[in-house]
Structures are given as structure tokens and as C-alpha cells.
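Subject: Handing over a structure

Dear colleague,

I am passing on to you the structure we spoke of, and I would be glad if you would look through it before reading my notes underneath. The notes follow the order in which I would go through it with someone new to it.

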Amino acid sequence: MSGENRCFDTYEVGLKIGIATHALHYGTGALGGLRGYVDETNPSQAILFRLDRHCQRLSNSARYLHYDLPADKIQAITIEFVKQNKPTKPFYLRPFIYSSGLGIAPRLHDIVQDFFIYGMSLGETFAKPNGISCRISSWQRQSDLSLPLRGKISGAYITSALAKTEAYAAGFDEAILLNSQGKVAEATGMNIFMVRQGKLFTPGTDQDILEGITRDSIMVMAGKLGIEVVERPIDKSELFIADEIFLCGTAAKIAPVSRIENYLVPQVADSITSKLQQELVAITQGQHPDYQDWLNPVDLQ
Ligand SMILES: Cc1ncc(COP(=O)(O)O)c(C=O)c1O
């Protein structure tokens, strides 16, 4: 198990992976992705956001790959990694479980598996405060009949990559994928919410989405702000008449959508999206007493 690396500001991690690595060929890996912050009031402390949920999801992803890696073990390695690396800026951690054995033939048995983490400094990923443009992808979100969508399985991301590049080539920032039922699923690495008549709507966890941790955070935050949240299937055409749309994920946080295909999303003052954005910033900066259990402090000294 290689749970360390000392490089936060470059992708040039010290660990080398062989060209015959199984996961490289067959996508037999599972990833995590979590954010951390340096405590503004105490720079010798880092704060990891919803560490327990991220570790649990990664441990579940590992179970799909028949790799026994308990969440508390991932948590301990992650904390140790942050302590060793002493980040000085907002950062993102990428823990990765994968078939590290060399050889051909896709399978999950009789193959060596391993785990590593790398980290990078990460600010805003969509530097477009007024919103991003989205295309409805011609690629479909996979079905749970094809692969376990509750895990972040590395091979699954080919669909995201196809959709993202298709959208980019057509001049859009991001893609929205429909599921096999033709209902809205999610973006290439983010969940989706829409506002209609003061209520928040998002596809349920039976709609072939990833069970996003930011999605969960938003549902809790909205509830506490008195905003009703409804989980139900969403039609593509509903997005065209939504009052607000935003995407959410660990890297992007909350990304407002300003255009979907050739339909503009209204720009409203004092929007639900901006309320949730402000709330999330306050929470991650440790300014919100109600959410201290979402923050995991790590002493860097
Ligand atoms: C396919 C997909 N959907 C949704 C999300 C959002 O999940 P989270 O909020 O847990 O980062 C991600 C990001 O990891 C993702 O890769």
C-alpha cells in the first residue's frame, strides 16, 4: 500500500505505474475526490470536508472491485497524507484503488490491487460566476445493469470524457447526460439540481446517478434553509423552462448554469443557487456552527 506522496503542486508524482498495469488497460480502479482547506484563522490546521462520507463511498467502491479496504483505514491514511504534505492552499485529494497487477484479461480475481493518494492545490474549477453553458449529450449515462454506478469506477469515466469533449467541441462548457429511460441523470462529473416555483428538484438515486456527497450536502442545507427538495425523474424539456439550474460536485462546488442548449436560464437576483453557494462557503470556512461535524480538522504541526 502506497499511501504517501510529497507533491501538492504538480502532477509529477513520485510513484510510477507500469505500462502493463491492469487498471490502465481495463479501467479496474475506483477513485475518490475530496476537498480540503487551510484554516484561515489557524494556518497550522487543515480542514477536510465530509471526510467520513468520502471514505465510506471509496470503501464501497473498493467492495465492488473485491478489495477489502475499510473506510476507517482510508480515513487514517488520508489524514496522515495531509499531515505529511502540509498544504498551504485549498487542495483536492485523489485516493485511488486499482488493480496494480500486470497482465491481460479483464477480471477482478487473481490480480494484485493497491491504493495510493495524490494531492493538488485546487481553486475554482469553473471560473464563470455568471454561469456555464450545457449541452444535452448524445452519450447516455450508463445503466446500473452495466456497472455499479454507486461506485466511482475509473473505467466508467470514458462516457464522461466522450460527453465533455463533444460538448466542448460544440462550444459548450459542460454536458448533461440522460439515463437509459431518457430522463436527466447528471453532468460529466457533477450532479444536477433545478429550481421551479421556489422548490429544488433533483433526480433520485434510482436514476442512474452517482450518489454525490455535495448533492447530499445541498439537500441538507436546503432543508435547514426552509427550501423544499424533491427527488424525482426530470425531463430534458423541464430544464428548458427551469427558473434556475446548477451543477454540483466536490471539485466544482456549486456551478450555476446560464444556458442549456439554446435556452437561456433566467438570471434572478437573490437566487436559491446563490443562497446555497454562500451557505457552502460559510460551512467550509468553518463559520457555520450547525455543520461542524462535516469538517475534519488535521493538525499540520
Ligand atoms: C459522475 C459524477 N457524478 C457526480 C459527482 C459529484 O459527486 P461529489 O459531490 O461526491 O463530488 C462526481 C464527482 O465525483 C462524479 O464523478
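Six elements each give two or more residues to the lining of the largest pocket, and they are helix 2 (51-64), strand 4 (91-99), strand 5 (113-121), helix 4 (157-169), helix 5 and strand 12. Among the contributors, helix 4 has the largest share of that lining, with four residues. Please keep in mind throughout that this is a predicted model.

The largest pocket holds about 920 Å³ of space. Its lining is made up of 40 residues, of which Tyr92, Tyr157, Thr188, Gly189 and Ala251 are the closest to the centre of the pocket. Sorted by class, the residues of this lining come to 20 nonpolar, twelve polar and eight charged.

The ligand is the next thing to look at, and the space that the ligand takes is this largest pocket. Around the ligand there are 15 residues, and those that come nearest are Lys152, Tyr157, Ile213, Thr214 and Thr250. Two elements, helix 5 (213-224) and strand 12 (244-249), each supply at least two residues of this shell, which by class consists of five nonpolar, seven polar and three charged residues.

Three side chains deserve a closer look for their polar atoms. In Lys152, an N or O atom of the side chain is 2.3 Å from an oxygen atom of the ligand, while in Thr214 a polar side-chain atom lies 2.6 Å from an oxygen atom of the ligand. With Glu186 the ligand atom is a nitrogen, which is 3.2 Å from an N or O atom in the side chain of that residue. As for how far the ligand is covered, the protein takes up 95% of the 380 Å² of accessible area that the ligand has on its own.

Apart from the pocket, a search of the whole structure finds three cavities of 30 Å³ or more, and the largest cavity has a volume of about 70 Å³. The residues that line this largest cavity are Arg35, Tyr37, Phe49, Thr214, Gly249, Thr250, Lys253, Leu280 and Thr284, with strand 2 (34-38) and helix 7 (272-284) as the elements that give two or more residues to the lining. By class, the lining of the largest cavity divides into three nonpolar, four polar and two charged residues. You will meet Thr214 and Thr250 in both places, since they are listed in the lining of the largest cavity and also among the residues that come nearest to the ligand.

With best regards

Terms used: Residues numbered from 1 in each chain as written. Predicted model: local features only at pLDDT ≥ 70, side-chain atom pairs only at ≥ 80, totals over all residues. Heavy atoms only, no water. Near = heavy atom within 4 Å. Polar contact = N/O pair within 3.5 Å; in protein donor to acceptor, adjacent residues only side chain to side chain. Areas by Shrake-Rupley, 256 points an atom, 1.4 Å probe, with all protein chains shown as cover. 1 Å grid on protein atoms, 1.4 Å probe; cavity = no way out; pocket = protein on both sides within 12 Å on 5 of 7 lines; lining within 4 Å. Sits in = over half its atoms within 2 Å of the grid points. Nonpolar A, V, L, I, M, F, W, Y, C, P; charged D, E, K, R; others polar. Points joined across faces, edges and corners; volume = space filled by probe spheres on them.
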